[in-house]
Amino acid sequence: MSENSPRERSSHEPDPATQEQWQQERENVLSEYGAWRLTADEDAPAADEVRTLETLLRLKAEQQASPEPGLWTEELATELLTEVVPRTVIQPREHAMDMVPTLGRFFTYLGQTGRWAADSMPPQAAPMMLSSLEFATLEAADDPSRRSFSTNILGHGLALGVDLEDDDELAGYMHWYNSLPDDERVELSDTGRLTDPTVPFDRDESLRAAREENLRSSSWPWFLPELADGDGITVSQLGTDQESQVYADNSFVAVAAGILDLVGDGSRRITATQALTRTDCSALLEATGTARTVRSMWQHPEIAGPWITLLDGGWLSLTGTRVRREPGPVPYVTRSDDPEKFVEFGHALLTATMFGRDAREADDGGFRGMPDTLAALLVACSEQGLDLHENLDSAPQGAGAQVSLEPTAAQRSIEEWQRWSNVQVDLEGLTEAGVLTRDGARYRGSAAVMAALVALIKDQETHGPGTD
């Protein structure tokens, strides 16, 4: 049983605390039901029934404003099975046939365990009501007018054997759907059926075509210069003293080290917003040569950026109104005490901020332009750096110039300009935090930043983008 997304939601949802309370109640009831079912019949398909009931109870709570698991009226059950489920749930016909018997066993469990709510229909009326619902539920499941257009489309894919939980298979099926003529797409979205498509669905061909489309969409960004193989110096090419100097010169690492020095071996007072005080922020800014008036640490990304990474990485911990220093994944050691260990700390810190921004949502300080941002950072870490304005118009100039198939800047689509804008926002955020530097309009990284990018690339190759 797979729910269509996004789900329609009731305008009468409870507040988050109450919502969480009812969710916990649903989980408890379903867990107890599974045990109750297996006690009565050790061969019962309890796991499948619990999954079905979990979906029904959640839809009942979210779309019918009825979060109590034990509250069932004839109106609630009828609307749920004949209107809500067909509109939102994608499932084979045999699963639809199982819903009423499963709900009947759940009602029996509610009655035997004293969970049948007082405002429900009389318990003795439930079996007759469910019996009358069996045909109506199947009729609703077979009626395309009861389903949304997306449920019709995805339901057809399910009937063709597409695994809707597999991203590749779903992408392949949708590529096939989008390749159909307009009238056939309309027919499929209206009826959930397409008896004689112009292009019959071929799973292997659809997977191949979807992969090719994905490669085209993730191609090298149009606004970046080509990056030659081996472009950009790495820390492995540097001596120990040079390497430690690269990390010492990075403002992000320097401020993070300053924060850890400030906290020291004891603890430090923080504000109600879990930030350093104005006095401490002023001292940090003065140490970096940018002394100015401070209202709040959160208005200074050059401090807030390292502060968040130190918390995320486990180098700092907060307790009430105090902050304490912790060992972290790689202990902080000053460059003068041990250059090699300082390099290890600096690399761990820069890697942590890259991983953190990649994992966060854009509205929470995460990257907006991935994977374009990763490509842009590789260019920024090369010898020439990156000016995002240099490659905007690739149209040929002058008489005799070769004709280019690439569109000019004026011909770019809104989506293409949005890609450019997202990367600029990401690079600007890294610059404000001190990870990158900027010379006029040219962003520059360093060997230290390149090492963190290599770690991020390797992690994405192993786990995929946006994962910890």
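**Exercise 1. Which residues on the other side of H7 are exposed?**

*Task.* In this predicted model, describe helix H7 by its length, its two sides and its N-terminal end.

*Solution.*
Step 1. Helix H7 comprises residues 167–179. At 1.5 Å a residue, its 13 residues should span 18 Å, and the end C-alpha atoms are indeed 18 Å apart, so expectation and model agree.
Step 2. Glu-169, Gly-172, Tyr-173, Trp-176 and Tyr-177 are the buried residues to consider in H7. They cover an arc of only 140 degrees around the axis and therefore lie on the same side of the helix.
Step 3. On the other side of H7, the exposed residues are Asp-167 and Asn-178.
Step 4. The N-terminal end of H7 is capped by Asp-166, which has a side-chain oxygen 2.9 Å from the backbone nitrogen of Asp-168.

**Exercise 2. Aromatic pairs**

*Task.* Classify the ring pair of Tyr-33 and Trp-36, and then that of Phe-107 and Trp-116.

*Solution.*
Step 1. Two quantities are needed, because a pair of aromatic rings is described by the distance of the centres and the angle of the planes.
Step 2. A search of the whole structure yields 15 aromatic pairs. One of them joins Tyr-33 and Trp-36, with 5.6 Å centre to centre and 35 degrees between the planes; this pair is tilted.
Step 3. Both residues belong to helix H1 (residues 16–40), where Tyr-33 and Trp-36 are 3 residues apart, about one turn of the helix. Tyr-33 has 0% relative accessibility and so counts as buried, whereas Trp-36, at 23%, is partly exposed.
Step 4. For Phe-107 and Trp-116, the ring centres are 5.1 Å apart and the planes stand at 75 degrees; the angle is over 60 degrees, so the pair is edge-to-face. Phe-107, with a relative accessible area of 6%, is buried, and Trp-116 is buried at 16%.
Step 5. Tyr-33 and Trp-36 also belong to one aromatic cluster with Phe-106 and Tyr-109.

**Exercise 3. Helix H4**

*Task.* Where does the kink in H4 lie, and what follows just after the helix?

*Solution.*
Step 1. H4 covers residues 93–112; its 20 residues should span 28 Å at 1.5 Å a residue, and the distance of 30 Å between its end C-alpha atoms agrees with this.
Step 2. The kink, of about 30 degrees, is at Met-99, shortly before the proline Pro-101.
Step 3. Met-99 is buried, as are other residues of H4, including Val-100, Phe-106, Phe-107 and Tyr-109.
Step 4. Just after H4, Gly-114 adopts a positive phi of about 75 degrees.

Note on methods: Residues are numbered from 1 along each chain as its sequence is written. This is a predicted model: local features need pLDDT of at least 70, side-chain atom pairs count only at pLDDT 80 or more; totals for chains, interfaces and linings use all residues. Side-chain values use heavy atoms; hydrogens and water are left out. Helices (H or I, at least four residues) and strands (E, at least two) are DSSP runs, numbered from the N terminus. The expected span of a helix is 1.5 Å times one less than its number of residues. Buried means under 20% relative accessible area, exposed over 50%, partly exposed in between (1.4 Å probe, protein chains only). The arc is that of the directions from the helix axis to the C-beta atoms. A polar contact is a pair of N or O atoms within 3.5 Å; within protein, one must be able to donate a hydrogen and the other to accept it, and residues adjacent in sequence count only if both atoms are side-chain atoms. Rings of Phe, Tyr and Trp (its six-membered ring) pair if their centres lie within 6.5 Å; planes under 30 degrees apart count as stacked, over 60 as edge-to-face and the rest as tilted. The bend at a residue is the angle between axes fitted to the seven residues ending there and the seven starting there.
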